[in-house]
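Welcome, and thank you for taking a look at this structure. Here is a short guided tour to read alongside the sequence and the model.

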Amino acid sequence: MGRRLLPSRGRGRDETVVAMNGDDALVDFHEADARPPTVAIVASVTAAGVASTAGVIASPAGGALLGIAALAFLAGSLRRSARVLTWGAAIGVGGLGLAGYRGAPTEALLVAAVGLTVAWDLADHGVGLGEQVGRGARVRRNVAVHAGASLLVGVLAAALVYGVTLAVGGGQPIAALALFLAGGIALVSALR
C-alpha cells in the first residue's frame with residue numbers, strides 16, 4: 001500500500017498536493033483559498049466609506065475615526081481576523097459617539113451608524129464565506145442578498161429612531177445614537 005499525504009495548510013494560496021492511494025495511483029488534492037471573496041470585501045469597504053463620509057459631514061473628528069474603522073474592516077477581511085473587525089467596529093462606534101457629543105445632526109449620525117453596521121456585518125460575513133466555501137466560489141448573489149437584508153434592517157431601525165427623535169422633539173443626537181446602538185446590539189444578538 002502506498003503512502004498517503006494529506007493536503008498541506010497554506011495561508012491563502014492554492015496548493016496542489018499529490019498523494020498515492022492504496023492502488024499506487026496518484027491523486028491530486030486541491031486546497032481552496034480561504035480568503036474572503038473579493039465582492040464581500042468591496043461591499044464592506046463601500047459601506048464603510050459611506051459611513052465615514054457621513055461622519056465627516058457630521059463631525060470631522062468622528063469621521064476620521066470612522067475612516068480608521070473602514071481601514072480596520074479592510075485589514076480584518078484581508079487577514080481573516082474577527083478580532084480586527086471587532087476593533088474596527090469599536091473604533092467606529094467611538095467615532096459615532098464623538099460626532100454625537102459634538103452635536104452632529106441626527107440624520108448624518110444615523111446614516112453613518114447604518115453604514116458602519118452594514119460594513120461590519122458584510123466584512124464578518126465575508127470572512128465566514130471564505131472559511132466555508134473559499135474565495136473562488138460564486139457568492140455574488142449571496143453577498144448581495146446579505147447586504148440588502150442588512151441595509152433594510154438598518155434603514156428600518158434608523159427610521160424608527162428618527163421617528164422617536166422627532167416625536168420627542170428634543171433633537172438630541174446622543175439619545176438617537178443610544179437608541180440606535182441598543183437596537184443594533186439587539187439585532188446582532190438575535191442574528192447570532
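In this report, helices (H or I, at least four residues) and strands (E, at least two) are DSSP runs, numbered from the N terminus. Please keep in mind that this is a predicted model.

**The chain as a whole**

With those terms in hand, the secondary structure of the protein chain comes to 6 helices and 2 strands. Reading from the N terminus, the elements follow the order β-β-α-α-α-α-α-α. The chain has 192 residues, and 38% of them are buried. Among contacts with a separation of 6 or more, 59% join residues 24 or more positions apart. The accessible surface amounts to about 10800 Å², and carbon and sulfur atoms hold 65% of that area.

**Two helices to get to know**

Let us turn to H2 and H3. The table sets out their lengths and spans.

| Helix | Number of residues | Expected span | Distance between end C-alpha atoms |
|---|---|---|---|
| H2 | 20 residues | 28 Å | 28 Å |
| H3 | 20 residues | 28 Å | 28 Å |

For H2, the end-to-end distance agrees with a rise of 1.5 Å a residue. Which residues of H2 are buried? They are Gly62, Gly63, Leu66, Ala69, Ala70, Ala72, Phe73, Gly76 and Ser77. These residues cover an arc of only 165° around the axis, so they sit on the same side of H2. A general point about helices helps here: an α-helix has 3.6 residues a turn, so residues three or four places apart point the same way. The cover over the buried residues of H2 includes helix H1 (38–58), H3 and helix H4 (106–132). On the other side of H2, you will find Pro60, Leu71 and Arg79 exposed.

Now for H3, where the distance between the end C-alpha atoms likewise agrees with the expected span. Its buried residues are Leu85, Gly88, Ala89, Gly92, Gly95, Leu96, Ala99 and Gly100. Seen down the axis of H3, these fall within an arc of 135°, which means that they line one face of the helix. Arg83, Trp87 and Tyr101 are exposed on the face turned away from that buried side.

**The turns around H3**

What lies between H2 and H3? Arg80 is in the loop that links helix H2 (60–79) to helix H3 (82–101). This residue has a positive phi of about 55°, although it is not a glycine. Is Arg80 buried or partly exposed? Its relative accessibility is 24%, and because the partly exposed class runs from 20% to 50%, Arg80 counts as partly exposed. After H3 comes Gly103, which also has a positive phi, near 85°.

**A look at H5**

Our last stop is helix H5, which covers residues 140–168 and contains Val168. Val168 has a relative accessible area of 63%, so it is exposed. Together with Leu160 and Val164, Val168 makes a nonpolar surface patch of about 290 Å².

Leu151 also has its place in helix H5. At a relative accessible area of 44%, Leu151 is partly exposed. Which residues does Leu151 touch, not counting residues up to four places away in sequence? Its partners are Val114 and Val118. The C-alpha atoms of Leu151 and Ala119 are separated by 9.6 Å, and these two residues are 32 residues apart along the chain.

Technical notes. Residues numbered from 1 in each chain as written. Predicted model: local features only at pLDDT ≥ 70, side-chain atom pairs only at ≥ 80, totals over all residues. Heavy atoms only, no water. Buried < 20%, exposed > 50% of the residue type's maximum accessible area, 1.4 Å probe, protein only. Expected span 1.5 Å × (residues − 1). Arc of directions from axis to C-beta. Patch = residues over 30% accessible without salt bridge, like charges linked within 9 Å, V, L, I, M, F, W, Y side chains within 5 Å. Areas by Shrake-Rupley, 256 points an atom, 1.4 Å probe, with all protein chains shown as cover. Salt bridge = Lys/Arg side-chain N within 4 Å of Asp/Glu carboxyl O. Contact = heavy atoms within 4.5 Å.
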